[in-house]
Amino acid sequence: MPLRRLLPLLRAAPPITLSLAIAHTMPAISAEQSEEALVRRFLSEQLTAPDRQIEVETYQPNAQLPPCLDPQPFLPQPLPARSGRVVVGLHCSDRSPRYRQAKITIRAPYPISTRALDKDEVLRPEMLEMRIDDLGKLPRNAILDPREAIGRQLTRPLPAGSPLTSNALRSLP
């Protein structure tokens, strides 16, 4: 039963019953640890997709805040498509929202060139292979799906093992 539903009952209970009820409903972890776990779980659920590995590192808040009753996570800004820092808000039933910072790392497959490629070459499947790594290390315009690159022409030379970028490709006339 959520703690917010128990509050009216707990306020009317004698002090000994109150402490026993709270101990029974609350896990033996600090509020800060609970918030961290909630933020990690929330971000992992938001970013889960096939072929992705998600890592979430939370940062400790600078201020000592009182416990947040019945925290409900939300995103004040859209999540990045790639790794980076994010902010997760927590609506508290007894106070105004608070915010926690986290760093997400998304490891997923993306295409790279199997050999050095020349300008004006048209990409074929055998010219590409998939690598799994942190998407945050890629250029912003990196292509993640090889189908977006196959059949397109390079606008510049590309060294072996390089990720493909949309500005290095053009469609054939």
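**Exercise 1. Describe how confident the predictor is along the protein chain.**

Solution. The protein chain has a mean pLDDT of 83, and 82% of its residues reach 70 or more, where pLDDT is the predictor's confidence in each residue, from 0 to 100. Over residues 1-29 the pLDDT is below 50, and beyond near neighbours in sequence this stretch has 14 contacts in the model, a contact being heavy atoms within 4.5 Å. This is a predicted model, in which local features need pLDDT of at least 70 and side-chain atom pairs count only at pLDDT 80 or more, while totals for chains, interfaces and linings use all residues. Residues are numbered from 1 along each chain as its sequence is written, and side-chain values use heavy atoms, with hydrogens and water left out.

**Exercise 2. Give the order of the helices and strands, and describe the chain as a whole.**

Solution. Begin with the elements: helices (H or I, at least four residues) and strands (E, at least two) are DSSP runs, numbered from the N terminus. The protein chain has three helices and seven strands, and from the N terminus on they run α-α-α-β-β-β-β-β-β-β.

Next, turn to burial, for which buried means under 20% relative accessible area, exposed over 50%, and partly exposed in between (1.4 Å probe, protein chains only). Of the 173 residues in the protein chain, 31% count as buried. The accessible surface of the chain comes to about 10,700 Å², and 54% of this belongs to carbon and sulfur atoms; such areas come from the Shrake-Rupley method with a 1.4 Å probe, and for residues only the protein chains shown count as cover.

Finally, consider the contacts between residues at least 6 apart in sequence: 57% of them join residues at least 24 apart.

**Exercise 3. Work out how strands S2, S3 and S4 are paired.**

Solution. Two strands pair if DSSP finds at least two bridges between them. Strand S2 (residues 72-74) and strand S3 (residues 84-92) pair in the antiparallel sense over three bridges, and within this pairing proline 73 stands opposite leucine 90 in S3. S3 also pairs with S4 in the antiparallel sense, over eight bridges, and the bridge partner of valine 87 in S4 is glutamine 101. Between S3 and S4, which form a hairpin, there are two residues.

**Exercise 4. Which parts of the chain does the salt bridge between arginine 98 and glutamate 35 tie together?**

Solution. A salt bridge is a side-chain nitrogen of Lys or Arg within 4 Å of a carboxyl oxygen of Asp or Glu, and a search of the whole structure finds 11 of them. In one of these, the side chains of arginine 98 and glutamate 35 meet at 2.8 Å, N to O. Arginine 98 lies in strand S4 (residues 95-113) and glutamate 35 in helix H3 (residues 31-47), so the pair ties together parts that are 63 residues apart in sequence.

The next step is to ask how covered the two partners are: arginine 98 counts as buried at 8% relative accessibility, and glutamate 35 is buried too, with a relative accessible area of 6%.

Now take a second salt bridge, in which the closest N and O atoms of aspartate 94 and arginine 95 are 2.9 Å apart. Aspartate 94 is partly exposed at 35%, and arginine 95 counts as partly exposed at 39% relative accessibility. As a last step, salt bridges that share partners join Glu35, Glu36, Arg40, Arg98 and Arg100 into one network.

**Exercise 5. Is serine 83 buried or exposed, and what does its side chain meet?**

Solution. Serine 83 is found in the loop between S2 and S3, and with a relative accessible area of 19% it is buried. The side chain of serine 83 makes a polar contact with the side chain of aspartate 134 (2.5 Å), a polar contact being a pair of N or O atoms within 3.5 Å, where within protein one must be able to donate a hydrogen and the other to accept it, and residues adjacent in sequence count only if both atoms are side-chain atoms. A polar atom of the serine 83 side chain also lies 2.7 Å from the backbone nitrogen of isoleucine 106.

To compare another position, take glutamate 55, which has its place in strand S1 (residues 53-58) and is partly exposed at 45%. The C-alpha atoms of glutamate 55 and serine 83 are separated by 9.2 Å. Leaving aside neighbours within four places in sequence, the contacts of glutamate 55 include Ile104 and Thr105, and those of serine 83 include Ile104 and Thr105 as well.
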